[in-house]
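Student: Could you examine one part of this model closely, and then place it within the chain as a whole? I would like a single connected account, with the criteria behind each term.

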Amino acid sequence: MIQPMKPLQATITIERGRIIGIEYTPGTVTIISEQGIHSYPGAFVIPGLVDAHCHLHAMGELLNGLQLYQLSSKNETLDACNRHTELRGDWLYGMGWNQELWEEKVYPTAQDLDALFPNTPVYLRRADGHAAWVNTKAMEYAGITDDTQDPEGGSILRMQGKATGILIDNAMDLIAHLVPDQTNDAKIKNILTAAKHCSTLGLTEVHDMDVHPTLLPLYLELAENGQLPIRIQSYVKAQQHQWIDHGCLPAGGEFVRIAGLKFFADGALGSRGAAMIEPYADADHKGLILMNEEILYEHAKRGIEEGFSIATHAIGDMANHIVINAYERLRREGIADEDVILRIEHTQIITEEDIERIGKHNIKAIPQSVHCISDATMAKVRLGERKSIAYPWKTLVKHGIKPAGSSDFPIESANPLIGIDAYCRRIPFDDTHAWMPEEILSAEEALLSYTTWAHEAAGMEYRRGKIAIKFDADLTILSQDICSCEAKDILNTSVLATYSAGIRRYHHVG
Ligand SMILES: [Zn+2]
């Protein structure tokens with residue numbers, strides 16, 4: 001049975017971060033707290049929205065950094081570089097250029113940058129991350145000359161034997177490793193920028209994935225100083241034992257909790273890295289397994305013994321199968337008792353038999369509904385006619401599984417309403433009709449996914465995800481009732497205010 005989830009019109013009284021009173025007041029929402037009384041006529045209040053899989057620091061890097069995405073000419077791109085004043089050490093670092101979007105669709109050159117930056121080394125990543133555009137100074141620093149050999153798996157583009165300033169794939173590493181890491185101040189700024197951005201979108205909590213252990217002290221310091229507007233559950237990078245090398249242990253806090261470890265079983269669908277049971281429809285191979293069942297079992301076991309939850313990335317049906325096998329063994333052998341949270345991040349392409357096993361072993365599924373509507377065209381080409389289900393939201397729910405809502409930002413927008421819309425309509429960005437409409441969720445299920453069910457994926461549902469007495473006063477105030485409006489109008493909703501721990505962190509002005 002699914003518990004009801006309805007946006008409310010009510011007066012909510014808050015004390016010391018918890019809800020102590022709820023009185024239904026049709027027509028308006030009023031919040032009474034130590035901060036005073038805030039009224040929102042005509043609005044609706046829901047439990048604070050959660051993004052159960054995202055990359056917070058990367059979002060901050062994107063928001064604060066030099067972004068060259070979607071620019072339509074080389075000159076615009078160069079202008080943006082020229083306006084950007086923040087350097088990394090003495091380097092200018094940027095990302096997102098794409099010559100395919102320019103009037104003249106040819107690769108730019110080092111000389112284009114040299115005219116503006118004769119003395120500053122410049123490194124600009126292409127939008128797809130598979131090429132870099134650098135200037136002469138950067139090549140000088142790296143010792144790249146016209147005679148430098150191409151590295152294995154990469155190439156230095158040349159014209160009449162001369163290096164042009166474009167490095168492809170592994171050749172990027174010749175220079176990338178010279179660009180200094182960001183300072184702690186810059187990293188803190190990135191975290192705060194991203195967290196603030198989340199709270200303007202109605203998010204009160206995020207599950208931050210693949211967090212580098214060196215970032216954890218910064219997060220904890222921000223939490224201790226009361227500077228975070230949202231709560232963060234951290235899942236620490238673990239694929240290469242990073243958590244062990246840095247001596248990470250679980251830690252519980254109100255605003256930052258070091259909750260779990262993050263592993264990868266396979267790659268992504270776009271690059272055909274997702275591990276499949278059958279070969280791709282458009283290529284003669286089955287993708288890449290990044291961690292097999294035995295190794296995942298061993299690594300997860302070690303993490304569970306230290307008290308961590310386990311979160312494993314699995315896109316393809318083979319990867320999902322492998323992860324479920326490892327998790328099943330952990331449950332069966334009593335290493336992961338029912339209290340230990342085992343999560344599959346993405347749960348993207350999966351057989352119905354494996355969905356049943358997810359339910360049976362109480363494994364959490366964390367899909368990204370936005371990936372479905374942004375990748376549908378590509379996914380159809382990669383998958384062809386196969387029996388496994390792609391983006392199987394309703395099938396999960398039918399098997400008693402409660403998918404946790406998430407976006408994988410900054411790969412997608414952090415706006416949870418876009419994710420809720422994707423759940424409820426499933427219309428790809430380049431289409432006007434739903435793809436596999438039988439997998440659509442109701443607005444109520446979508447809202448549960450972004451609230452109660454997301455909290456369940458981190459074990460916080462006992463005090464968050466409901467508007468109830470003694471629950472944390474994490475609340476999102478919306479301009480309309482997204483469960484009773486037409487699905488096509490969900491995206492016309494405004495976030496009017498966001499509260500976490502009873503404090504108003506954002507309110508809409510105007
Ligand atoms: Zn991710």
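Tutor: The account below begins with a sheet, turns to a helix and ends with the chain. This is a predicted model, in which local features need pLDDT of at least 70 and side-chain atom pairs count only at pLDDT 80 or more, while totals for chains, interfaces and linings use all residues. Residues are numbered from 1 along each chain as its sequence is written.

The chain contains 16 helices and 23 strands (DSSP runs numbered from the N terminus: H or I over at least four residues for helices, E over at least two for strands). Four of the strands form an open sheet in the order 5-21-22-23, with antiparallel pairing (two strands pair if DSSP finds at least two bridges between them). Strand 5 (44-47) and strand 23 (503-507) occupy the edges; each has a single partner strand, so one side of each lacks a neighbour in the sheet. From one strand to the next, the twist averages 20° (axes are lines fitted to C-alpha atoms, and angles between N-to-C directions run from 0 to 180 degrees).

Strand 21 (residues 475-478) is joined to strand 22 by four bridges, and the two run antiparallel. Within this pairing, Leu-475 has Tyr-499 of strand 22 as its bridge partner. Four bridges also link strand 22 (residues 495-500) to strand 23, again in antiparallel fashion. Here Ala-497 is partnered by His-507 of strand 23, and Ser-500 by Ile-503. Strands 22 and 23 form a hairpin with two residues between the strands, where Ala-501 adopts a positive phi near 50°. Strand 22 is largely enclosed by the rest of the structure, because six of its six residues are buried (20 or more other C-beta atoms within 10 Å of a residue's own, where 12 or fewer means exposed and values in between partly exposed; C-beta atoms are placed from the backbone).

Helix 12 (residues 369-383) departs from a straight course. Its 15 residues have end C-alpha atoms only 18 Å apart, short of the 21 Å that a straight helix would reach at 1.5 Å a residue (the expected span is 1.5 Å times one less than the number of residues). The helix bends by about 75° at Asp-375 (the angle between axes fitted to the seven residues ending there and the seven starting there). Asp-375 is itself one of the buried residues of helix 12, which also include Val-370, Cys-372, Ile-373 and Leu-383. The buried residues of this helix pack against strand 18 (349-350), strand 20 (389-390), helix 13 (393-398) and helix 14 (416-425). Gly-384, with a positive phi near 55°, follows the helix.

Of the 510 residues in the chain, 48% are buried. Among contacts between residues at least 6 apart in sequence, 71% join residues at least 24 apart (contact means C-beta atoms, placed from the backbone, within 7 Å). The C-alpha atoms fill a box of roughly 75 × 50 × 50 Å along the principal axes. The radius of gyration is 24 Å, which agrees with the value near 24 Å for a compact globule of 510 residues (taken over C-alpha atoms, with a globule rule of 2.2 Å times the number of residues to the power 0.38).

How values were computed. Two residues are in contact if their C-beta atoms, placed from the backbone, lie within 7 Å.
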